[in-house]
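Work through these exercises with the structure open beside you. Try each task before you read its solution.

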Amino acid sequence: HKIANGLLIAACFDREVHCRRAASAAFQENVGRQGTFPHGIDILTVADYFSVGSRTNSYLEISVFIAGYKEYSRSLIDHLLDRKIGHWDAGVRELSARALHNLTQCDAAHVRDTALPRLLESALGRDLHLCHGSALAAGETVAALSKVARQAGLGLEDYLGPKTVLQIESLVPGMIEKHKLRGLGGEIMRQAVSSFIQNVSLSGLGLHNKPVIRTWLEVLEENLSCVELSVQQAAIEAVPAFFDQYWLVDGVLDQAARDKTVDNFIDKLGGSEVVRRGYSAALGVLPGSFVRGKEEEVVRALIKCSRISEGTEKWAEARRDTVKALGSLVVTCLPWLSKDLVPHVFDCFLLSLEDYTLDRRGDTGAWVREAAMAGVEAVCLALLSSGPANIQPSLVSQIMPFLVQQANEKIARTRGQAGKVQRWR
C-alpha cells in the first residue's frame with residue numbers, strides 16, 4: 001500500500017512529465033503482475049500514460065478521482081502540504097492550492113482540523129515560497145470547506161470553530177505587521193493576499209463590520225495601484241466578491257460606506273496611467289447590487305477617462321482598460337440604467353474607434369479600438385436581448401462604417417475582431 005501511494009503521488013504531483021509518466025507506468029506494471037494495489041484497475045483507467053501528461057489535469061482531475069478511494073486521500077493531501085505548497089516553482093504552488101480545494105471534499109475533517117490551521121500558521125513564517133503557497137492554499141481550503149459546511153446544513157463559523165476563524169481574521173494584519181507585503185517578494189505575496197481575500201469572501205465567512213474588512217480594503221486599494229500588472233489583476237478579480245459579501249449588513253447595502261468607496265475609486269482615475277488602469281478595471285467589475293444608485297457617476301467618469309486629454313496622449317493601455325470597464329459596467333447596469341446615458345456610451349465607443357495612437361511599440365491605439373468593438377458588441381447584444389426596438393436603425397448606420405473600417409486594418413487581430421462583431425447585424 002505504501003508503494004501504491006508513493007507511485008500515485010508521483011503520477012499526480014511530480015513537476016516533470018516524464019516522472020509522472022514513469023510512475024504511472026510503474027503502477028500499471030505492478031497492477032498487472034501483482035494485482036495487490038487497492039483499486040488498481042479502476043485507477044489505471046484514469047491515470048494512464050497519456051492523461052498524466054498534462055500537469056493541470058493530473059493535479060486537478062486525476063488526483064480527485066484517486067482521492068475518492070480512502071486508501072489514498074490522506075496521503076495525497078499530506079504530500080501537498082509537506083512538499084508542494086512550499087515548492088520553489090510558483091506554478092506548482094498555485095496548482096497545489098487549487099488541488100487542495102478540490103481534494104477537501106475527500107477528507108474534509110482532516111483539512112479542517114489539521115491542514116487549514118497549519119496553512120494559516122505557515123503563511124506567517126520566514127520561507128517566502130511557503131508563505132506564498134500557504135496563503136493561496138488557505139483561501140482555497142476555506143472556500144472548499146464552506147461548500148462542505150453548507151451541505152451539512154451548518155454555518156461556516158460554527159463548522160470551523162472560533163480559533164480557526166480568528167486565525168483567518170488575523171492573517172492579513174499579521175502579514176502587514178511582519179512587512180511581508182513590502183520589499184523582496186512583496187509582489188507575489190500581494191497576489192496571494194488578493195486571492196485569499198477573494199476566496200474568504202466567496203466562502204461567506206461572517207466578518208461583517210469587523211476592523212479586518214477595512215484592512216482588506218486598504219490592501220486591495222494598494223494592489224490596484226501597484227505597477228505589477230499581475231498584482232493588479234489579482235486585486236481586480238477579488239473586488240466583486242469582496243464588495244458583494246462585506247458591504248451588505250443584514251442583507252442591506254451600507255450606503256454611506258459604498259458612496260465613500262465609489263467616490264474614492266473615481267478620484268483615483270485622475271492619477272497616473274498605472275493607477276488609472278487598476279481603478280478603471282475595478283469599477284468595471286463592481287457587482288450590480290453594489291453600484292446601483294451610483295452607476296451614472298461611474299459611467300460618466302469612465303467616459304471622461306476614455307478620451308485623449310493633455311498629458312495622456314500615449315496612455316493607450318489605460319484607455320483600453322477604461323473602455324473595457326465601461327462596456328462591462330453598462331451591461332451589468334443596463335436593466336436600470338438611464339436611457340439618456342446609452343447614446344453617450346455609444347459616442348464614447350465610436351470616438352475610441354478613431355484612436356490611432358502610435359509609439360515605439362507601434363499602433364497601440366489598436367488595443368483601444370478592439371476594446372471599443374468588444375464594448376459595442378456586448379452592449380448591443382444586451383439591448384437586443386430585451387427587444388429589437390431598443391436598437392435604433394440610426395445607431396446601426398453610425399456604427400457599421402467604423403466596423404467596416406476596422407475590418408480593413410493592417411493588423412490581422414483587429415480585422416478578425418471586426419468581422420466577428422458584425423454578426424449582431
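**Exercise 1.** Find the partner of R413 in a salt bridge, and say how far apart the two residues lie along the chain.

*Solution.* Start at the side chain of R413. It meets the side chain of E370 in a salt bridge, 2.8 Å from N to O. The pair links distant parts of the chain: R413 lies in helix α22 and E370 in helix α20, 43 residues apart. A salt bridge here means a side-chain nitrogen of Lys or Arg within 4 Å of a carboxyl oxygen of Asp or Glu. Helices are DSSP runs of H or I with at least four residues, numbered from the N terminus.

Before you go on, note the ground rules. This is a predicted model, in which local features need pLDDT of at least 70 and side-chain atom pairs count only at pLDDT 80 or more, while totals for chains, interfaces and linings use all residues. Residues are numbered from 1 along each chain as its sequence is written, and side-chain values use heavy atoms, with hydrogens and water left out.

**Exercise 2.** Classify R413 and E370: is each one buried, partly exposed or exposed?

*Solution.* Take the cut-offs first. Buried means under 20% relative accessible area, exposed means over 50%, and partly exposed is in between (1.4 Å probe, protein chains only). R413 has 46%, so R413 is partly exposed. E370 has 9%, so E370 is buried.

**Exercise 3.** Which residues of α22 are buried, and which are exposed on the other side?

*Solution.* Helix α22 covers residues 412-421. Its T414, A418 and V421 are buried. These three share one side of α22 because they cover an arc of only 65° around the axis. The arc is that of the directions from the helix axis to the C-beta atoms. On the other side of α22, A412 and K420 are exposed. Now look for the neighbours. The buried residues of α22 pack against α20 (365-385) and α21 (393-406). Contact means heavy atoms within 4.5 Å.

**Exercise 4.** Describe the salt bridge between E16 and R15, then the one between R112 and D113.

*Solution.* In the bridge of E16 with R15, the closest N and O atoms are 2.6 Å apart. E16 is partly exposed at 30% relative accessibility. R15 is partly exposed at 24%. The side chains of R112 and D113 meet at 2.9 Å, N to O. R112 is partly exposed at 21%, and D113 is partly exposed at 48%.

**Exercise 5.** How many salt bridges does the structure hold?

*Solution.* The structure holds 22 salt bridges.
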